[in-house]
Amino acid sequence: LSSGPLSTESRAGVRVLDMCSAPGSKTQQLIDCHSTTLSCLLAAENDPHRACLILPGTLTRVPEPALVCFAGNASRLPSSTGPFTHILADVPCSGDGTLRKIPRLRSQWRYRDGVELFAQQRRLLLRGLHLLGAGGRLVYSTCTFDPVQNEAVVAAAVTRANSRDPLFRYHLVDCLPLLPPGLRYDRGLCTWQVPFPCDGELRAENELWRMAHSFAEVGDKNHAAGIIREDMFPAFSSPDCSQQAPVDLSICVRLLPHRSDTGGFFI
């Protein structure tokens, strides 16, 4: 699903970046869709085991001279690697959207997952936006239901990227027409709550968590420790998106398992 919105446009000189490519199935789809117009496809993977063993095992079955594999953190790619016309950021997440496929994740779920992953996800998306060329397209996706890892990351990254250069604007595009027909979906959330530890510390066990509607509710301990960030929260508190937020998150797409008999997914 995440590679679908990047597969509809094909023109000469396509340069593609897959920021979190292992196990390689999405990279393989991107190669197939742009086989005649591809000038470069950079497949990056930060996990050493997945980058050196799993990813090559998948991509060696697809002979493509324009393919380059990079074992490293895509959020640290130098500017000289860009610009890219297409970027896929299917980022690491808590994975709770795959509970039907991997039931053991239910017992491993924790409030802290989204809070801990937020900064990494935002860095990847910001770097992807920086490497995107004018008129290019970037897809951000996860397999989690958590708005802190989904809408909050999109809003924080796009808002920050637009504030850096007022002459170069990023905006969200409705990807629904580019997805397979017949999918039942929900639109992106415009308001959500953020979990925070009551004592201002992240520990492996025995944590007490509460939910906050705004940054002011989380307490000085969390502020000082940098556990909860202000850009994790929605810009406004209107659940019907009636207020004009800096980023129109209603364009985002949420796929819920009970809608189309699928896993959980966010684009």
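Leucine 255 stands opposite phenylalanine 265 of strand β10, and this pairing makes a convenient way into the predicted model described here. Strand β9, which covers residues 253-255, is joined to β10 by 2 bridges, and the two strands run antiparallel. Both belong to an open sheet of 3 strands, arranged in the order β6-β9-β10 with antiparallel pairing. The edges of this sheet are taken by β6 (186-187) and β10; each has a single partner strand, so one side of each is left without a neighbour in the sheet. Just ahead of β10 comes a loop that follows α7 (257-260), and aspartate 261 has its place there. The backbone at aspartate 261 deserves a glance, with a positive phi of about 60° although this residue is not a glycine.

A second open sheet is built from 5 strands in the order β3-β2-β1-β4-β5, and here the pairing is parallel. At its edges stand β3 (67-71) and β5 (132-141); since each has a single partner strand, one side of each is left without a neighbour in the sheet. On average, neighbouring strands of this sheet are turned by 15° against each other, direction ignored. In general, the strands of a sheet pair through backbone hydrogen bonds, in either a parallel or an antiparallel manner. Within the parallel sheet, strand β2 (residues 38-45) is connected to β3 by 5 bridges. One residue pair can be picked out between these strands: leucine 42 has valine 68 in β3 as its bridge partner.

Helices accompany this sheet as well. Helix α1, made of residues 25-33, lies across β1 (14-18), β2, β3 and β4 (84-90), and runs at about 175° to β2. Helix α2 (residues 48-59) also packs on the sheet, where it touches β2 and β3; the direction of α2 makes about 140° with that of β2. Two loops around these elements contain cis peptide bonds. In the loop between β1 and α1 sits proline 23, and the bond leading to proline 23 from alanine 22 is cis, with omega near 10°. Proline 83 is found in the loop between β3 and β4; the peptide bond from glycine 82 to proline 83 is likewise cis, with omega near 0°.

Attention now turns to a pair of helices. The axes of α4 (residues 112-131) and α5 (residues 151-164) come within 9 Å and cross at roughly 45°. That angle makes α4 oblique to α5, and the crossing of the two helices is right-handed. On the α4 side, the contact is formed by Phe118, Gln121, Arg122, Leu125, Leu126 and Leu129. These meet a set of residues in α5, namely Ala152, Val153, Val154, Ala156, Ala157, Val158, Arg160, Ala161 and Arg164. Sorted by class, the contact between α4 and α5 has 11 nonpolar, 1 polar and 3 charged residues.

Finally, aromatic rings offer a link between the two sheets' edge strands β5 and β10. The count of aromatic pairs in the model comes to 4. One of them is formed by tyrosine 140 and phenylalanine 266, whose rings are edge-to-face, with 6.5 Å centre to centre and 75° between the planes. This pair connects distant parts of the chain: tyrosine 140 lies in strand β5 and phenylalanine 266 in strand β10 (residues 265-266), 126 residues apart.

Key
Residues numbered from 1 in each chain as written. Predicted model: local features only at pLDDT ≥ 70, side-chain atom pairs only at ≥ 80, totals over all residues. Heavy atoms only, no water. Axes fitted to C-alpha atoms, helices over the stretch in contact; angles between N-to-C directions. Helix = DSSP H or I, 4+ residues; strand = E, 2+ residues; numbered from the N terminus. Parallel < 35°, antiparallel > 145°, perpendicular 65-115°, else oblique. Left-handed = near helix turned anticlockwise from the far one by under 90°. Contact = heavy atoms within 4.5 Å. Nonpolar A, V, L, I, M, F, W, Y, C, P; charged D, E, K, R; others polar. Pairing = 2+ DSSP bridges. Phe/Tyr/Trp six-rings, centres within 6.5 Å; stacked < 30°, edge-to-face > 60°.
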